[in-house]
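Hi everyone, thanks for making time this morning. I'd like to walk you through one structure, so let's put it on the screen.

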Amino acid sequence: MSARTLERTAELIRDRAAKAGLGGVKVTVEDQNQITVSGPAARQETLEALGQPAELAFRPVLSATPETGVEACPDAVEGPSSEPLTACGESQDTVVTYRLGPVAVAGTDVSEAEAAYDAERGNGWFVNLDFTTAGGAKFADVTGQLSAQPSPQNQFAIVLDGVVLSAPQVNGPITGGKAEISGSFTKQEAQQLAAQVNTGALPVHLSVSSVTKLRVD
């Protein structure tokens, strides 16, 4: 592993930490296969999340089945973009299993993500998305098609690392190259998601070797 690649990875993690509003986080390259991320112990899960690739995608909903006796979604991994995907999400304290179509709009079609607070409507924290010119055109086209379908085929799933964050209904084409992700986020969760989307995939795969260390495989 080259020193340049490791330093680039460390810089992206620093950028994620800054955009997520995390103070006191230190990121250092220790040797040829280890990057150390240290910070307050109470932020262990947040520190680990800084090393995740954040695969974001927008997929049309084919079916949605509420589950009984299930309290939380299991860990999942995003499947091939050209194939259907079965994924889990939580809606109004209910776990829902979604059958989703192939990716209609990729995360790379998002040019910028920003955490924001909806004080006027009292809906809490959410993430604003600005699409690229091509991405905005795709999004408008697909949402226009979905709006003509019956429920739940008129829903659009926002999927992050194989988990459905939100699956809103579409009432008409969403134009203007903008959208938002909402899902009862805390401030930290919204800032963290925006940071992951903004920085995209890291140039190497990282695995956690301890509470404060991320190791390159």
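Let me begin with a single residue: Asn33 is partly exposed, because its relative accessible area is 34%, and partly exposed covers the range between the 20% and 50% cut-offs. Please keep in mind throughout that this is a predicted model. Where does Asn33 sit? You'll find Asn33 in the loop that runs between strand E1, residues 26-31, and strand E2, residues 34-38. If you look for Leu6, the C-alpha atoms of Asn33 and Leu6 are 8.0 Å apart in space, with the two positions 27 residues apart in sequence.

Now let's zoom out. The protein has four helices and 13 strands. Of its 217 residues, 41% are buried. Taking the contacts between residues at least 6 apart in sequence, 62% join residues that are at least 24 apart. As for the surface, about 11300 Å² is exposed, and carbon and sulfur atoms supply 47% of that.

Next, the aromatics. How many aromatic pairs does the structure hold? There are six. One of them is Phe58 with Phe139, an edge-to-face pair with 5.7 Å from centre to centre and 75° between the planes. This pair links distant parts of the chain: Phe58 belongs to strand E3, residues 56-66, while Phe139 belongs to helix H3, residues 133-146, and they are 81 residues apart. Are these two rings' residues buried or exposed? Both Phe58 and Phe139 are buried.

Phe139 has another partner, too. Phe131 and Phe139 are stacked, at 4.7 Å centre to centre and with 25° between the planes. Phe131 is buried, as is Phe139. Put Phe156 into the picture and you have one aromatic cluster, made of Phe58, Phe131, Phe139 and Phe156.

Last stop, and one for those of you who think about reducing agents: the cysteines. Searching the whole structure turns up one disulfide. It joins Cys73 to Cys88, with the sulfurs 2.2 Å apart. Which parts of the chain does it tie together? Cys73 is in the loop between E3 and strand E4, residues 85-91, and Cys88 is in strand E4 itself, so the bond ties together parts that are 15 residues apart in sequence. The torsion about the S-S bond is about -75°, and therefore this disulfide is left-handed. And Cys88 counts as buried because its relative accessible area is 12%, with the cut-off for buried being under 20%.

That's my tour. Happy to rotate the view for anyone who wants another look!

How values were computed
Residues are numbered from 1 along each chain as its sequence is written. This is a predicted model: local features need pLDDT of at least 70, side-chain atom pairs count only at pLDDT 80 or more; totals for chains, interfaces and linings use all residues. Side-chain values use heavy atoms; hydrogens and water are left out. Helices (H or I, at least four residues) and strands (E, at least two) are DSSP runs, numbered from the N terminus. Buried means under 20% relative accessible area, exposed over 50%, partly exposed in between (1.4 Å probe, protein chains only). Contact means heavy atoms within 4.5 Å. Accessible areas come from the Shrake-Rupley method with a 1.4 Å probe; for residues, only the protein chains shown count as cover. Rings of Phe, Tyr and Trp (its six-membered ring) pair if their centres lie within 6.5 Å; planes under 30 degrees apart count as stacked, over 60 as edge-to-face and the rest as tilted. A disulfide is a pair of cysteine sulfur atoms within 2.5 Å.
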